[in-house]
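Let's take a friendly tour of surface patches and charged pairs. Have a look at the model below before reading on.

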Amino acid sequence: MNEKKRIRLGVFEMMNPSNGMPTWTHPEGRGDDWDRLDYWVELAQELDAAGFDFLFFADTYGYATLGGRMPEEVAAHGIQFPALDPMLAITALARATDNLGFVVTSPTTVERPYATARRFASLDRFTQGRIGWNVVTGSSQATTDELFGVTEKLSHDGKYDAADSFLDTCLRYWEHSWDDDAEVRDRARRVYADPAKLHRVEVDDAYQRSQGIFAVPPTPQRTPVLFQAGTSDRGRAYAARNAEAVFIQGQTIESAAAHVHDIRDQAVRNGRHPEDIAVVTGMTVTVAPTRAGAEALRAEYEELLGRDDAAVMFAGITGLDLTGLDPETRVVDLTTDLGQTLIQRYARQDPEMRVGDILDQFRTKAIRGFQVTGTPEEVADEIEAIIDGSGIDGIMLEPTFGGPAAYRAFIELVVPVLAGRGRVGTPEGSTLREHISGTPRLAATHRAHRLTASASPHTPVD
């Protein structure tokens with residue numbers, strides 16, 4: 001009998017009043033707590049004690065906009081606004097925990113590779129190897145055009161070309177600027193680092209220009225665990241070449257299985273092993289001792305979510321403005337320059353689908369993954385069916401009301417059932433990469449090992 005796969009456990013969070021649609025006003029929401037460091041420390045400690053592998057922070061500099069301006073609902077209702085920088089809390093969370101890993105989002109659009117490499121290397125040192133980078137290749141218009149004053153507009157594929165150069169530059173600094181034994185710290189000889197074992201990085205291409213020696217010595221993982229969540233054809237290709245963990249929002253076992261197969265098939269074509277990439281899916285779990293109790297909690301959650309807020313958030317994510325439209329308008333009758341692919345997808349689902357139907361779907365699911373509701377045994381059964389039927393390696397819990405109660409219910413009611421079935425347990429190893437893939441360093445097949453310090457061996461050195 002084959003040994004059952006250990007399910008990686010993560011939590012999907014955002015450092016704002018509500019994770020997704022506004023729920024901060026609910027008694028179990030976090031409206032009064034989201035900006036307290038102690039709140040996040042306590043959450044991390046609960047997850048750590050329960051054997052979770054990582055806490056994942058989605059993040060963006062921007063906010064939902066319509067016509068380049070913030071709708072009143074965003075500020076008034078707290079729709080993923082305001083927000084703090086989660087990266088600044090990681091060292092405090094790591095100090096208060098023993099095994100829990102941390103994944104932080106950082107974009108390749110408005111940052112610079114050297115600064116990004118330095119931040120993540122510092123976090124890898126301070127967390128003793130428990131840090132991951134969710135690589136984001138795009139940003140909202142409010143982010144790039146207004147907040148940062150970026151005027152150059154890249155195409156969809158152009159953003160991935162730029163992201164390739166950005167990540168390669170980081171990898172050169174992390175993996176190739178210091179030999180493993182370059183840091184000696186020899187007091188007797190008064191030698192901190194061996195200059196002969198330091199290598200100058202040289203990058204000068206269409207997107208990046210960076211030269212010099214990395215200021216951070218090798219850290220436990222050297223490179224943070226690389227997460228990626230692109231779902232377009234180019235995004236999946238980028239993930240297949242670079243990512244160690246891919247985040248999807250699975251909707252059905254069949255579609256998730258197809259996504260997993262595609263990612264791993266592309267990985268093999270890039271000289272990697274299928275198991276080099278772990279796939280985790282978002283999942284919203286509503287659990288109670290009885291089925292009726294779980295369904296009542298789910299209904300209570302959905303009552304908080306309004307169509308108007310859904311329309312604003314939908315526009316901010318997709319660029320498609322459905323605000324002010326008659327909810328009875330048929331999707332096939334919409335004419336818009338934005339979101340054509342999305343409109344066509346909805347139209348193919350049902351030619352009679354209405355605008356109100358879209359908003360109701362988005363209102364209750366937003367961009368979340370699997371929705372699982374039931375008793376502890378029912379939830380565990382469904383999780384196992386999803387994992388075993390799709391090839392997915394783990395789940396990332398998305399909260400309902402926004403506070404820690406949803407996680408606590410999962411920990412108290414579902415984790416013991418999964419543990420009894422041998423599906424969850426103490427994470428392996430001490431680093432996040434060991435939790436995810438069983439090794440502390442990038443796999444030997446990762447393309448980072450085929451890079452060198454210099455992008456062009458003929459680039460003159462000062």
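Which residues make a nonpolar surface patch of about 270 Å²? In this predicted model, the patch is made by Tyr61, Leu147 and Phe148. Phe148 sits in the loop between α5 (141-147) and α6 (156-176), and its relative accessibility of 37% makes it partly exposed.

Charge gathers on the surface too: Asp326, Glu328, Asp350 and Asp357 form a negative patch. Within it, Asp350 belongs to the loop between α11 (340-349) and α12 (355-365); Asp350 is partly exposed, at 33% relative accessibility.

Now to the salt bridges. The whole structure holds 35 of them, including these three:

| Salt bridge | Closest N and O atoms |
|---|---|
| Glu13 and Arg30 | 2.9 Å |
| Glu175 and Arg441 | 3.3 Å |
| Arg433 and Glu244 | 2.6 Å |

Glu13 forms its salt bridge with Arg30, and this pair connects strand β1 (residues 8-14), home of Glu13, to Arg30 in the loop between β1 and α1 (37-49), 17 residues apart. Glu13 is buried, at 0% relative accessible area, and Arg30 is buried with a value of 0%.

Glu175 pairs with Arg441. Because Glu175 is in helix α6 and Arg441 in the segment after α15 (432-437), they tie together parts 266 residues apart in sequence. Glu175 is buried at 8% relative accessibility, whereas Arg441 is partly exposed at 28%.

Arg433 has Glu244 as its salt-bridge partner. Arg433 lies in helix α15 and Glu244 in the loop between α7 (233-242) and β10 (245-248), so the pair links parts 189 residues apart in sequence. Both Arg433 and Glu244 are buried. Elsewhere, salt bridges with shared partners connect Lys4, Asp381, Glu384, Asp388, Arg421 and Arg423 in one network.

Definitions and conventions
Residues are numbered from 1 along each chain as its sequence is written. This is a predicted model: local features need pLDDT of at least 70, side-chain atom pairs count only at pLDDT 80 or more; totals for chains, interfaces and linings use all residues. Side-chain values use heavy atoms; hydrogens and water are left out. Patches are made of residues with over 30% relative accessible area and no salt bridge: like charges are joined within 9 Å, nonpolar side chains (Val, Leu, Ile, Met, Phe, Trp, Tyr) within 5 Å. Accessible areas come from the Shrake-Rupley method with a 1.4 Å probe; for residues, only the protein chains shown count as cover. A salt bridge is a side-chain nitrogen of Lys or Arg within 4 Å of a carboxyl oxygen of Asp or Glu. Helices (H or I, at least four residues) and strands (E, at least two) are DSSP runs, numbered from the N terminus. Buried means under 20% relative accessible area, exposed over 50%, partly exposed in between (1.4 Å probe, protein chains only). Lys and Arg count as positive and Asp and Glu as negative; His and the chain ends are not counted. The place of a charge is taken as NZ of Lys, CZ of Arg, CG of Asp or CD of Glu.
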